[in-house]
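User: I'd like to learn how to read a protein model feature by feature. Could you walk me through one?

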Amino acid sequence: MVKIIAPQNKIALTTGELDYDYLIIATGTETNYFGIENVRQKAIPMKTINDALEMRNYILMQLERAASLAAAEDRQKVLTIVVAGGGPTGVEISGMLAEMQSSVFRKDYPELEKGRSQSQIYLVDGAAQLLSPMSKKAQDNTYNALKKLGVNIILNAQVTDYADDKVLLSNGQTIETENLIWAAGVTSQVFEGIPRNDMAGKRGLKRMITTKQRALKIYMP
Ligand SMILES: Cc1cc2nc3c(=O)[nH]c(=O)nc-3n(C[C@H](O)[C@H](O)[C@H](O)COP(=O)(O)OP(=O)(O)OC[C@H]3O[C@@H](n4cnc5c(N)ncnc54)[C@H](O)[C@@H]3O)c2cc1C
């Protein structure tokens, strides 16, 4: 589907047009970069299966690269990983990377073992806690488990930019890294034909306004 022609109860597809009586939009979401163009261009997204495969390959390539660098100090930004977004996706990824750090990395890249302190994983979130919509118990357990795994958790700070291999945070902190994984949220797709006043949102977050029945009012016949 590429366009909604509401007055005629039609949608345009890449292959033609279709008439509808009821239109149900279930096209999922897309990664929200909150309008930060450098992040959109350079961060590693984590939304689709393809993103996950690309992320895995990229991280393995970075490990290969780090292993071939002679000077320990050159490895720092190759091995440091910043995960933006402390929701379920960011929590899972940072935990998985921390587990890999102490198992796969150690076993497969013994040459990196000496500089282990350079291989830091950061999890950054703008809220005061991880997993904001979940229970306090889940938040505390998650925080403690990630800390135990060695993840550096930075709360109350948003990523504001990513330039020259530096992640800039709203608290003034800067983290040098070639690896920014973006798990900071999703937003709805906008289709041509949806009136602007049926969309809402700020900071790049787009939402479709629905009726109490969770239907888009403009498509009710
Ligand atoms: C990394 C990650 C981990 C997650 N883990 C969990 C989990 O453990 N448990 C859980 O419950 N949820 C999890 N979720 C959330 C879950 O994936 C989503 O809530 C769920 O997929 C939403 O379902 P959906 O049908 O609304 O959208 P989607 O699953 O995104 O499906 C939308 C479909 O619409 C298609 N489409 C898009 N645009 C168009 C178009 N213009 N025309 C036609 N078709 C189109 C897409 O190709 C896709 O097939 C996770 C999400 C992520 C990103």
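**Reading strands, a helix and a ligand shell**

Analyst: Happy to! Let's start with a single strand pair: strand β7 (residues 121-124) runs parallel to β8, and 3 bridges join the two. Within that pair, V124 stands opposite I154 in β8. Please keep in mind that this is a predicted model.

User: Which strands make up the sheet with parallel pairing, and in what order?

Analyst: When you read a sheet, follow the strands from one side to the other. Here the order is β5-β12-β6-β7-β8, an open sheet of 5 strands with parallel pairing. At its edges are β5 (44-45) and β8 (152-154), each of which pairs on one side only.

User: Which sheet has antiparallel pairing?

Analyst: That is an open sheet of 3 strands, ordered β9-β10-β11. Its edge strands, each pairing on one side only, are β9 (159-163) and β11 (174-176). From one strand to the next, the twist averages 20°.

User: How many bridges link β9 and β10, and which residue stands opposite L168?

Analyst: You can read this one just as we read the parallel pair. β9 and strand β10 (residues 166-169) pair in the antiparallel sense over 4 bridges. The residue opposite L168 in β10 is D161.

User: Now for helices. What should I know before looking at α5?

Analyst: The general idea is that an α-helix has 3.6 residues a turn, so residues three or four places apart point the same way. In this model, helix α5 covers residues 136-149, which makes 14 residues. From its first C-alpha to its last it reaches 20 Å, close to the 20 Å expected at 1.5 Å a residue.

User: What follows α5?

Analyst: G150 comes next, and its phi is positive, near 95°.

User: How is the protein chain divided into domains?

Analyst: The domain assignment gives domain 1 (3-28 + 205-219) and domain 2 (31-187). Notice that domain 1 is written as two segments. Taken over C-alpha atoms, the centres of domain 1 and domain 2 are separated by 37 Å.

User: And which residues surround the ligand?

Analyst: A handy way to read a ligand shell is to list the residues, sort them by class, then ask which domains they come from. The ligand is surrounded by M1, A26, T27, G28, M46, K47, T89 and Q189. By class, that shell has 3 nonpolar, 4 polar and 1 charged residues.

User: Which domains does the shell draw on?

Analyst: Both domain 1 and domain 2 contribute, with at least three residues drawn from each.

Technical notes. Residues are numbered from 1 along each chain as its sequence is written. This is a predicted model: local features need pLDDT of at least 70, side-chain atom pairs count only at pLDDT 80 or more; totals for chains, interfaces and linings use all residues. A residue is near a molecule or strand if its C-beta atom, placed from the backbone, lies within 6 Å of it. Ala, Val, Leu, Ile, Met, Phe, Trp, Tyr, Cys and Pro count as nonpolar, Asp, Glu, Lys and Arg as charged, and the others, Gly among them, as polar. Domain bounds come from an automatic or database domain assignment. The expected span of a helix is 1.5 Å times one less than its number of residues. Two strands pair if DSSP finds at least two bridges between them. Axes are lines fitted to C-alpha atoms, for helices over the stretch in contact, and angles run from 0 to 180 degrees between N-to-C directions.
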